[in-house]
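Subject: Structure for your review

Dear colleague,

Please find below the structure that I agreed to pass on to you. I would be grateful if you read the notes beneath it with the model open beside them.

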Amino acid sequence: MSEGVVTETGVRARTRRAILDAAIEKLTKQPSATLADIAAAANVGRTTVHRYFAERSDLIDAISHDALDKVSQGTRRARLDEGPAPAALARLCQEYFEFGDVFQLLFTMPDLVTRPEWQDESEDDRSLLRLIERGHAEGTIDPAMSKEWLLQLLWALLYTGWEAVQEKKTPKHEALSLCLRSLEKVIAVG
């Protein structure tokens, strides 16, 4: 473990997670929510929030890093190097779909993705682009669909599914199924 990194355990870790989750939910619906609003949503006192995140900017930083961590975890769990490219891409969609609340916030507060930690192409991005290239080479992903186009399309499909669930128009399992079916049709060769 690097110097200066403190691993939180037990109650402290659960409280921090509860604050982050409440902040993500609250800020998605109300980007101008205050720390007091977030404290109420997390069922903790405002001073507790301030112990973990002295300023609103500290909380936003933590949310940004949490989102990047979730992307990395989901990408790893999707095992992009295993099996046919379409199957790996479907696994990735299933993983990312579970983080809809975080990604909804990124779309609600787009300044989050302009932060320095989002600016460099990540290993997760490179892995996904390599997967699409592999699908092109295997003949399992339509080569007319560029990797950059498919990357953007993937996010658009996921956003559409998350939005449908959030607006309570579509059950979560059905929205995911529709995302996967749409993706399958888009990448199909011929």
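The notes below go from the whole chain to its core, its pockets and a few single residues.

**The chain as a whole**

Please keep in mind that this is a predicted model. The average pLDDT of the chain is 89, and 95% of the residues score at least 70. The beginning of the chain needs caution: over residues 1–6 the pLDDT stays under 50, and the model has 1 contact beyond four places in sequence for this stretch. Where pLDDT is low, predicted coordinates should not be read in detail.

The secondary structure consists of 10 helices and 0 strands. The C-alpha trace spans about 60 × 45 × 30 Å along its principal axes. Of the 190 residues in the chain, 39% are buried. If one takes the contacts between residues at least 6 apart in sequence, 65% of them join residues at least 24 apart.

**The nonpolar core**

In soluble globular proteins, nonpolar side chains tend to be buried together. Here the largest nonpolar core has 53 residues, and those with the most contacts inside it are Ile19, Leu27, Leu59, Ile63, Leu89, Leu92 and Leu128. Helix α5, residues 85–97, gives the most to this core, with 7 residues.

Leu89 is a good place to begin looking. Leaving aside residues up to four places away in sequence, Leu89 touches Leu128, Leu131, Ile141, Leu183 and Ile187.

Helix α6 also deserves attention. Its buried residues are Gly100, Val102, Phe103, Gln104, Leu105 and Leu106. What covers these buried residues of α6 includes α1, α4, α5, α7 and α9.

**The two largest pockets**

The largest pocket has a volume of about 580 Å³. Its lining is made up of 20 residues, and Val113, Trp118, Asp125, Gln152 and Trp155 lie nearest the centre. At least two lining residues come from each of α4 (56–77), α6 (100–108), α7 (116–119), α8 (123–138) and α9 (147–166). Helix α9 gives the most, with 4 residues. By class, this lining has 12 nonpolar, 3 polar and 5 charged residues.

The second largest pocket has a volume of about 330 Å³. It is lined by 14 residues, of which Gly100, Asp101, Gln104, Val165 and Gln166 are the closest to its centre. Two or more lining residues come from each of α1 (10–29), α6 and α9. The largest share, 4 residues, is that of α1. This lining divides into 3 nonpolar, 4 polar and 7 charged residues.

**Single residues to look at**

Is Asp66, a residue of the charged kind, buried or exposed? Asp66 is found in helix α4. Its relative accessible area is 9%, which is under 20%, and therefore Asp66 counts as buried. Apart from residues up to four places away in sequence, Asp66 touches Arg17, Leu20 and Ile24.

Thr140 is in the loop between α8 and α9. Thr140 counts as partly exposed because its relative accessibility of 27% falls between the limits of 20% and 50%. With residues up to four places away in sequence left out, Thr140 touches Ala85, Pro86, Gly135, Ile187 and Val189. Thr140 and Val11 are 129 residues apart in sequence, and their C-alpha atoms are 47 Å apart in space.

The backbone angles of two further residues should be checked. Most residues other than glycine have a negative phi. Asn43, however, has a positive phi of about 60° although it is not a glycine. Asn43 is placed in the loop between α2 (35–42) and α3 (46–52). With a relative accessible area of 72%, which is over 50%, Asn43 is therefore exposed.

Arg79 is not a glycine either, and its phi is positive at about 50°. Arg79 is placed in the loop between α4 and α5. Its relative accessible area is 37%, so Arg79 is partly exposed.

With kind regards

Conventions. Residues are numbered from 1 along each chain as its sequence is written. This is a predicted model: local features need pLDDT of at least 70, side-chain atom pairs count only at pLDDT 80 or more; totals for chains, interfaces and linings use all residues. Side-chain values use heavy atoms; hydrogens and water are left out. On a 1 Å grid over the protein atoms alone, a cavity is a set of points where a 1.4 Å probe fits but cannot get out, and a pocket is an open set with protein on both sides within 12 Å along at least five of seven lines; lining residues have an atom within 4 Å of a point. Grid points are joined across faces, edges and corners, and a volume is the space filled by probe spheres set on the points. Ala, Val, Leu, Ile, Met, Phe, Trp, Tyr, Cys and Pro count as nonpolar, Asp, Glu, Lys and Arg as charged, and the others, Gly among them, as polar. A nonpolar core is a set of buried Ala, Val, Leu, Ile, Met, Phe, Trp, Tyr and Cys residues joined through side-chain atoms within 4.5 Å. Buried means under 20% relative accessible area, exposed over 50%, partly exposed in between (1.4 Å probe, protein chains only). Contact means heavy atoms within 4.5 Å. pLDDT is the predictor's confidence in each residue, from 0 to 100.
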